[in-house]
2 protein chains.
Amino acid sequence: MARYRITVEYDGSDFVGWQRQDNGPSVQQVLEEALAAFQGQAAPEAGDGYAATVHGAGRTDAGVHAIGQAAHLDVDRELDSGAVRDGLNFYLKHHRVVVRDARRVADDFHARFDARERRYLYRILNRRPPPGLERGRVWWVPTPLDVDAMADAASVLVGHHDFTTFRASQCQAKSPVKTLDGLGVSSHGEEILVTARAKSFLHHQVRNMVGSLRLVGEGKWTADDLAAALQARDRTAGGPTAPASGLYLTEVLYDDPPVDVA
Amino acid sequence: MARYRITVEYDGSDFVGWQRQDNGPSVQQVLEEALAAFQGQAAPEAGDGYAATVHGAGRTDAGVHAIGQAAHLDVDRELDSGAVRDGLNFYLKHHRVVVRDARRVADDFHARFDARERRYLYRILNRRPPPGLERGRVWWVPTPLDVDAMADAASVLVGHHDFTTFRASQCQAKSPVKTLDGLGVSSHGEEILVTARAKSFLHHQVRNMVGSLRLVGEGKWTADDLAAALQARDRTAGGPTAPASGLYLTEVLYDDPPVDVA
């Protein structure tokens, strides 16, 4: 048995989300099926205690994309990490899910619990015409947004706070208190890019923060309004939830760089 | 009657190409249907002499994308150009085709014949793992390519030449002699971007040039080999045709900036 950490890219449009669910295909499911096929095993079912399990660093919702989701999995024998990457990709070829990288890690490595930082990108297409090429990949906001005002206001949210205002009602985290290490807003052609980084996030936290930043960009809210919303510790004080389509899990960082045995 | 020039973005994956064909939906068809609906008319059929005709600056093949295709069309009455853009986009909402811009132009303006320069982008994803998010949007080349060698060799093709070596057999141009004004190769993260500009191109010219540049990037061809292939004036002397999925028509330039009456 050998444990590997993989970096995964996917188009979330095709899936009910990262995690296995009864109502449609998940990223986890197609990865576990690829792992089973790679090992010459029958396809696993959810919750049957089957060995071909892929543990993700974070659960992305339906429609949320990933450039650098992290996960760990066990292979029944020691293999070159490139062979694990290529082997999984061979069996993933019918899905918009790709293993960008595989690395041999310690047998007690855990993609979720060992993660030091998670990074997200949120893409807003800020133009009057709707998206053509980028449909399903961005949040289309046709009204002009003030990027500088959004960038200024974003700093209000950085730091150690009770983020109840930006927490989904179904969030399972024990505490609403989190440390937001960075929240940047920048302009890139017709797009406004919001980047967020923290050790961990509440459910819908990034999308809820972006929904409130849009209100700032429209001039409906000031930075002070955003600060007041944060302090209210009440979801109804926050802006609407931005859609899943604009969100990308870009990177998961770990303390100990794994040793690649390849 | 008022003539408008439109700038169109589309995902070519969904279409048999720009031009109307019997074997599936074309970009021209959905634009003409949108124009007819916008004017409250019945949907047009190909070749029935119907007024709702959209004339493109260039025919893109099946699977080829556009960021800035240009076209002209006549609206039955004088309208604000923003209303033309938004009205067409309303009726295009079920397609990955978007009018980015509409401008009022002279009644004798012609998108194809008046074009001064056409610009294309070709995206190569140069990494071992296949594309996930960018499937259908790039050409996946897993073997490492030498970008500097490709950029050096590209200059061989710039200028006034007989491009028969890079011309599709079904090309309908009267002459294989064209002036290539620019051919750039640059690295951008995991992608290699090839940009090409000319007054006009032969059928498959960009894709055939990119297919030969790949051979240079792999070290199979030198810049001299590319020059010899050009001089051979023989399609069989050229490299294979790069796939449609990586190609984007990015811009069409005109001599006279149209007057926007909006």
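A residue is buried if 20 or more other C-beta atoms lie within 10 Å of its own, exposed if 12 or fewer, and partly exposed in between. Keep that rule at hand for the stops below. The model on the screen is predicted.

**Stop 1: a buried glutamate**

Select B:E32, which is found in helix α1 (residues 27-38) of chain B. Is B:E32 buried or exposed? Count the other C-beta atoms within 10 Å: there are 22, so B:E32 is buried. Now add B:H55 to the selection. B:H55 is 23 residues from B:E32 along the chain, and 9.5 Å separates their C-alpha atoms.

**Stop 2: the whole of chain A**

Show chain A alone, as a cartoon. Five helices and 10 strands make up its list of elements. The radius of gyration of chain A is 19 Å, and the globule rule gives 18 Å for 262 residues; the two values are close, so chain A is as compact as a globular protein of that length. Along the principal axes, its C-alpha atoms fill a box of roughly 55 × 40 × 35 Å.

Colour chain A by burial next. Of its 262 residues, 44% count as buried. Then look at the contacts in chain A with a separation of 6 or more: 71% of them join residues 24 or more positions apart.

**Stop 3: two domains of chain A**

Give residues 2-114 of chain A one colour for domain 1, and residues 116-250 another for domain 2. The C-alpha centres of these two domains lie 28 Å apart. How many residues of domain 1 of chain A are in contact with domain 2 of chain A? There are 14, and they meet eight residues of domain 2. On the domain 1 side, the residues that touch domain 2 comprise five nonpolar, eight polar and one charged.

**Stop 4: a proline in a loop**

Select A:P130, in the loop between β5 (115-125) and β6 (139-140) of chain A. It has 21 C-beta neighbours inside 10 Å, so A:P130 counts as buried. Which residues does A:P130 touch, leaving out those up to four places away in sequence? They are A:W140, B:N89 and B:V98. Two of these names begin with B, so bring chain B back into view. For a distance across chain A, pick A:L79 as well: A:L79 and A:P130 are 51 residues apart in sequence, and 47 Å apart in space from C-alpha to C-alpha.

**Stop 5: the two chains together**

Show both chains. A turn of 180° and a shift of 0.0 Å along the axis lay chain B on chain A with an RMSD of 0.0 Å. The two copies are thus related as by a two-fold rotation axis. To find where chain B approaches this axis, select B:E134. Its C-alpha is 5.3 Å from the rotation axis, and no other residue of chain B comes closer.

Now turn to the surface between the chains. Here 18 residues of chain B are in contact with 18 residues of chain A. On the chain B side, the elements that give two or more residues are β1 (2-10), β3 (65-75), α2 (81-91) and β4 (97-105). Which element gives the most to this side of chain B? Select β4(B), which gives four residues. By class, the chain B side has nine nonpolar, three polar and six charged residues. Of the interface residues of chain B, 100% are also interface residues in chain A, so the copies meet through the same surface.

**Stop 6: one side of a helix**

Select helix α3 (residues 147-154) of chain B, then show the side chains of B:M150, B:A153 and B:A154, which are buried. These residues lie on the same side of α3(B), because they cover an arc of only 105° around the axis. An α-helix has 3.6 residues a turn, so residues three or four places apart point the same way. To see what covers the buried residues of α3(B), add elements including β8 (177-188), α4 (205-217) and α5 (223-232) of chain B.

**Stop 7: an arginine with positive phi**

Finish at A:R233, in the loop between α5 (223-232) and β10 (247-254) of chain A. Its phi is near 50°, a positive value in a residue other than glycine. With 14 other C-beta atoms within 10 Å, A:R233 is partly exposed. Then select B:R233, in the loop between α5 and β10 (247-254) of chain B. Phi of B:R233 is near 50°, and B:R233 is partly exposed, with 14 other C-beta atoms within 10 Å.

Key: Residues numbered from 1 in each chain as written. Chains lettered and ligands numbered in written order. Predicted model: local features only at pLDDT ≥ 70, side-chain atom pairs only at ≥ 80, totals over all residues. Least-squares fit on C-alpha atoms with pLDDT ≥ 70 in both. Contact = placed C-beta atoms within 7 Å. Nonpolar A, V, L, I, M, F, W, Y, C, P; charged D, E, K, R; others polar. Rg over C-alpha atoms; globule rule 2.2 N^0.38 Å. Arc of directions from axis to C-beta. Domains from an automatic or database assignment.
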